[in-house]
Each structure stands twice: as structure tokens, then as C-alpha cells.
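Me: I would like to learn how features of a protein model are read from its atoms. Could you take me through the one shown here, step by step?

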Amino acid sequence: MTLDLGRCVFCDACAEGCPEAKIEFTPEPRMGGNEPSDLTVREGEEEIVRVRASAAFSRLFGRSLKMRQVSAGGCNACELELNAVTNVNFDVQRFGIEWVASPRHADALVLTGPLTRNMKEAVQLAWDAMPDPRFIVAVGACAISGGLYDGAAGVDRGFLERVGPSLYVPGCPPHPLTFVNAVLDLLGIA
């Protein structure tokens, strides 16, 4: 039995419907991954490190990471949770991680939503405006796999197929701690 956290909307219906209680949702916030396959949970599998720290990212961004968020057709739930990472409860700025208003000042492009055709050009423009070195973070089931909109006529995921994310943060929406832990793990910040 496997569960793909990149497609899961965390509705809890599978846990309720599983008579053997093989599926259990826990409060553990460390769920991010470097690859989509890192988000697959397998029966009997011990806890594994899903986000591997990158020495290059740590060297480049470990003391100062600037992120630009683009909502690519989602419902705004992920955006609300991402806004919360800067409040007093989560305070991601204490680690030198900040949101910026312009992609020209950003190191990471944080994508939410399924990537609709209407946002195709905007996402590409934001990416093209970012200076190297840069990377992508896919946040939420919609950005990771298309979520509930996977296969819809209005969705064009070609950008993510061309420019793969370096970090995947699952959830629908992800908890702010899930996002913070995934970014800190990627940067190797304890």
C-alpha cells in the first residue's frame, strides 16, 4: 500500500475508509521532498529523510534566501498559509528567509496552484526575470501534481516539466511548519 502525498488533499477519507487502519494522519510537519517520488509513503516504511540538504544551496542561500510567490490558478488556500510563515508564530525571517515583491530580487520562485493556461506566460516571465542562481519550490497538491485539476483542459504544466522544482511541499494546503521545515532542510539549517 502506498500514498502519494503530492496528490493527497488531506481530506482524511482514506484513513476513515481503511478497515485495517494502515493509513494514519499525524501532526508531523516534515513532509517535503526533493523529488516527486520522495512524497510517496509506503506501508511498513521507516521514517526517511525526504529533503536532502544541498551543499550548494546552503552555501549560496543559507544566510539569505529571497522568495517570490506566484499563484498559478489555485484557490488561495496555499497563499494564506504561505503568508502565515512570516507571522510571529513561525517567523521565517529569523533564518534570513524573506518574501520579495519582484522576481528580479528573488532566489526562489514559489509556485502554488495547478499552473493554468492563463498563468503560463506570467510564470515564465517571473522565472525569466530572476537572476541565476535560482530554483523553484512547488507548494501544495495543485502545484506538485495538478491536484484536483489534474488533466483539466485549462491546465498547462509544461513549465514544471521543463524546469523541475528543487523542492516539493505537499498539502492542501500545506501547514506553515511544513513549508518552513522543508526550506530549512533544503538549506541545511538545523
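**Reading the sheet and what surrounds it**

Reply: Let us begin with one bridge: isoleucine 97 in E4 is the bridge partner of leucine 65. The model is a predicted one, in which local features need pLDDT of at least 70 and side-chain atom pairs count only at pLDDT 80 or more, while totals for chains, interfaces and linings use all residues. Residues are numbered from 1 along each chain as its sequence is written, and side-chain values use heavy atoms, with hydrogens and water left out.

Me: How are strands and helices named, and which strands pair in the sheet?

Reply: Helices (H or I, at least four residues) and strands (E, at least two) are DSSP runs numbered from the N terminus, and two strands pair if DSSP finds at least two bridges between them. In this structure, five strands make an open sheet in the order E4-E3-E5-E6-E7, with parallel pairing. E4 and E7 stand at the edges with a single partner strand each, so one side of each has no neighbour in the sheet. Direction ignored, neighbouring strands of this sheet are turned against each other by 25° on average. The pairing of E3 and E4 is parallel and runs over three bridges.

Me: Which strands does H3 touch, and what angle does its direction make with that of E5?

Reply: Axes are lines fitted to C-alpha atoms, for helices over the stretch in contact, and angles run from 0 to 180 degrees between N-to-C directions; contact itself means heavy atoms within 4.5 Å. H3 packs on the sheet and touches E3, E4, E5 and E6, with its direction at about 140° to that of E5. H4, in turn, lies across E3, E5 and E6 and runs at about 165° to E5.

Me: How is a nonpolar core defined, and how many residues has the largest one?

Reply: A nonpolar core is a set of buried Ala, Val, Leu, Ile, Met, Phe, Trp, Tyr and Cys residues joined through side-chain atoms within 4.5 Å, where buried means under 20% relative accessible area, exposed over 50%, and partly exposed in between, for a 1.4 Å probe and protein chains only. The largest core here has 24 residues, and those with the most contacts inside it are Leu65, Ile97, Phe135, Val137, Leu167, Phe179 and Leu187. Two or more residues come from each of helix H2 (55-61), strand E3 (65-71), strand E5 (108-112), E6, E7 and H7, and H7 gives the largest share, seven residues. Apart from this core lies another, of 15 residues, among them Val70, Val100, Leu109 and Leu111.

Me: With which residues is valine 137 in contact?

Reply: If neighbours within four places in sequence are left aside, valine 137 is in contact with Leu109, Val110, Leu111, Leu167, Val169 and Phe179.

Me: What describes a pair of aromatic rings, and how many aromatic pairs are found in the whole structure?

Reply: A pair of aromatic rings is described by the distance of the centres and the angle of the planes. Rings of Phe, Tyr and Trp (its six-membered ring) pair if their centres lie within 6.5 Å, and planes under 30 degrees apart count as stacked, over 60 as edge-to-face and the rest as tilted. The search of the whole structure finds six aromatic pairs. Phenylalanine 10 and phenylalanine 25 form an edge-to-face pair, at 5.7 Å centre to centre and with 65° between the planes. Phenylalanine 10 lies in the loop between E1 and H1 and phenylalanine 25 in the loop between H1 and strand E2 (40-42), so the pair ties together parts that are 15 residues apart in sequence. Phenylalanine 10 is partly exposed at 25% relative accessible area, and phenylalanine 25 is partly exposed at 29%. Phe57, Phe61 and Phe135 form one aromatic cluster.

Me: Where does the charged end of arginine 134 sit?

Reply: A charge sits over a ring if NZ of Lys or CZ of Arg is within 6 Å of the ring centre and within 35 degrees of the ring normal. The charged end of arginine 134 sits over the ring of tryptophan 127, 4.1 Å from its centre.

Me: Which residues does the cis peptide bond at proline 133 join, and where does proline 133 lie?

Reply: The cis peptide bond joins aspartate 132 and proline 133, with omega about -5°, and proline 133 lies in the loop between helix H4 (120-129) and strand E6 (135-139). A cis peptide bond also joins cysteine 172 and proline 173, with omega about -5°.
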